[in-house]
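Reader: I am new to this structure. Can you take me through it by question and answer?

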Amino acid sequence: MMDSVALSCKVCTSWQGLLLTVSLLTCWLIPTTSQLTIKSVPPIAVEGENILLFVHNLPKNVKVFSWFTGARVLKSCEIATHVIAVNATVIGFSHSGRETLFKNGSLLIKSVTSKDSGYYTLRIIDATSRPEIIRTEFFVHSPLLGYKKHLTPSRLTIALVPPRVEENINIILWVFHMPKNLQAFAWHKGVLPLDHLKIASHSFLTNSTMLGHAYYDRLTVRNDGSLLLLNVTKNDTGLYTLRTISVDLKLEWAIIDVQVNSK
């Protein structure tokens, strides 16, 4: 599945993530000049939640990338392979129906369990047919005392309007199933909640909205969380993340992949 995809999870924790429930250890077998890395998002999760293995700095000359369970590149362990030239994804033997690949090489695993703990391997092949391999390891833990496992998944989703985006048009990141009793929500470009990546934030407690410096003159934020972005350019291509926090400190988030095409 390589369409613009929204994903969501719900974590019973504060913004700072004080509950340590997932440990991420990353190692790689790539040349020292490469900066290809994988990061687990969110950095904390419990059984039943979603994990995104976010790929940083996928080389531009990559033609094919594949994900595998375990530390070895075996056909029997293949989750999925994506061929960039034809924008096609082939499902492998280890695909459980819970995995989604993104165009930047990242892998989403929904509703993780302790059985999902272990190594995951990403293989990329560039225009010279030279493979590079990077491995990551994560551990999923059961909820700790005082934190309940969510029995139902978050319904928070995002739709892209229009579904095909061209340069210099206006688009809406339309939010559905916004949680009730919210303190605030925030949008970021990418998946990391860093200040310099913040697009906008809204506080229901003070009924105030703050916009990121790069979006002052071309962004409108609605109370339902939706974004109107004016005059998009190729620089607007990428992942967009919406995070919400309720009055009882429950966090939900959703991600959508926006691709801006030339006219």
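Reader: Is Glu-132 buried or exposed?
Author: This is a predicted model, so every value here is computed from it. The relative accessible area of Glu-132 is 9%. Buried means under 20%. Glu-132 therefore counts as buried.

Reader: Which strand holds Glu-132?
Author: Glu-132 is placed in a strand that spans residues 131–140. That strand is β11.

Reader: Which side chain makes a polar contact with that of Glu-132?
Author: The contact runs from side chain to side chain. Its length is 3.1 Å. The partner of Glu-132 is Arg-130.

Reader: With which residue does Asp-126 meet in a salt bridge?
Author: Side chains of opposite charge can pair when their charged atoms come close. For Asp-126, the N to O distance of the bridge is 3.4 Å. The cut-off for a salt bridge is 4 Å. The partner is Arg-130.

Reader: Is Asp-126 buried or exposed?
Author: Its partner Arg-130 is partly exposed, at 38% relative accessible area. Asp-126 has a relative accessibility of 9%. The limit for buried is under 20%, so Asp-126 is buried.

Reader: How many salt bridges does the structure hold?
Author: One of them joins Glu-166 and Arg-164 at 3.8 Å, N to O. In that pair, Glu-166 is partly exposed, with 28% relative accessible area. The count for the structure is 7.

Reader: How far apart are the closest N and O atoms of Asp-236 and Arg-218?
Author: These two residues form a salt bridge. The cut-off is 4 Å between a side-chain nitrogen and a carboxyl oxygen. Here the closest N and O atoms are apart by 2.8 Å.

Reader: How many residues apart in sequence are the parts that Asp-236 and Arg-218 tie together?
Author: Asp-236 lies in the loop between β19 (227–229) and β20 (238–246). Arg-218 lies in the loop between β17 and β18 (219–221). The pair therefore ties together parts whose separation in residues is 18.

Reader: What is the relative accessible area of Arg-218?
Author: Its partner Asp-236 counts as buried, at 3% relative accessibility. Arg-218 is buried as well. Its relative accessible area is 18%.

Reader: Which residues do salt bridges that share partners join into one network?
Author: Asp-126 and Arg-130 meet in a salt bridge. Bridges that share partners make one network. Its members are Asp-126, Arg-130 and Glu-132.

Reader: What separates the C-alpha atoms of Tyr-240 and Lys-189?
Author: Tyr-240 is in strand β20. At 2% relative accessibility, Tyr-240 counts as buried. Tyr-240 and Lys-189 are 51 residues apart along the chain. Their C-alpha atoms are separated by 4.8 Å.

Reader: In what order do the 4 strands of the open sheet stand?
Author: The pairing in this sheet is antiparallel. β3 (37–41) and β8 (99–101) stand at the edges, each with a single partner strand, so one side of each is left without a neighbour in the sheet. From one strand to the next, the twist averages 20°. The order is β3-β4-β9-β8.

Reader: Which residue in β9 is the bridge partner of Leu-52?
Author: β4 (residues 51–56) pairs with β9 (residues 107–109) over 3 bridges. The two strands pair in the antiparallel sense. The partner of Leu-52 is Leu-108.

Reader: Which side chain makes a polar contact with that of Ser-106?
Author: Ser-106 lies in the loop between β8 and β9. At 0% relative accessibility, Ser-106 counts as buried. The contact measures 3.0 Å, and the partner is Asn-104.

Reader: Which residue stands opposite Ala-184 in β16?
Author: β15 (residues 182–189) and β16 (residues 198–203) run antiparallel. They are joined by 5 bridges. Opposite Ala-184 stands Ser-203.

Reader: Which residue takes a positive phi in the hairpin of β16 and β17?
Author: β16 and β17 (residues 208–211) run antiparallel, with 4 bridges. His-202 stands opposite Thr-209 in β17. The hairpin has 4 residues between its strands, and the phi is near 55°. The residue is Asn-207.

Reader: Over the ring of which residue does the charged end of Arg-222 sit?
Author: The distance from the ring centre is 5.2 Å. The cut-off for such a charge is 6 Å. The ring belongs to Trp-174.

Note on methods
Residues numbered from 1 in each chain as written. Predicted model: local features only at pLDDT ≥ 70, side-chain atom pairs only at ≥ 80, totals over all residues. Heavy atoms only, no water. Pairing = 2+ DSSP bridges. Axes fitted to C-alpha atoms, helices over the stretch in contact; angles between N-to-C directions. Lys NZ or Arg CZ within 6 Å of the ring centre and 35° of its normal. Buried < 20%, exposed > 50% of the residue type's maximum accessible area, 1.4 Å probe, protein only. Polar contact = N/O pair within 3.5 Å; in protein donor to acceptor, adjacent residues only side chain to side chain.
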